[in-house]
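Trainee: Could you take me through one part of this model closely, and say what the values rest on?

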Amino acid sequence: MTAEPPDPDPRRTPDLDPGGGVPPGSTPPDSAQTSGLSHPQPMPSKAMPVLWLVLTGVLVLMVAGLVIALAVGWLRI
């Protein structure tokens, strides 16, 4: 035995006008719906972007200090 398709045959649906419309006061037949979220999405943490900004800033300052130290002559590589 095969399962019925999720959408009923329009030729056998009561109160269905030609072209697929329904008269006022009637509701269209039910069919499966798979859209939408099953639950609210969690809010992303704000700590990680701040951490990456701080780490990037520290790295930039370290590289700038190395370049300045090389330019002044404090380091010889």
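Mentor: What follows is a look at the helix and the stretch around its end. This is a predicted model, in which local features need pLDDT of at least 70 and side-chain atom pairs count only at pLDDT 80 or more, while totals for chains, interfaces and linings use all residues. Residues are numbered from 1 along each chain as its sequence is written, and side-chain values use heavy atoms, with hydrogens and water left out.

The chain holds one helix and zero strands, where helices are DSSP runs of H or I with at least four residues and strands are runs of E with at least two, numbered from the N terminus. The 26 residues of helix 1 should span 38 Å at 1.5 Å a residue (1.5 Å times one less than the number of residues), and this agrees with its end C-alpha atoms, which are 37 Å apart. UniProt, in an unreviewed entry, lists residues 50–75 as "transmembrane region", an annotation that may be inferred rather than shown by experiment; over residues 50–75 the chain is 88% helix and 0% strand.

L70 lies in helix 1 (residues 47–72) and counts as partly exposed because its relative accessibility is 37%, between the limits for buried (under 20%) and exposed (over 50%), with a 1.4 Å probe and protein chains only. After helix 1 comes G73, with a positive phi near 105°.
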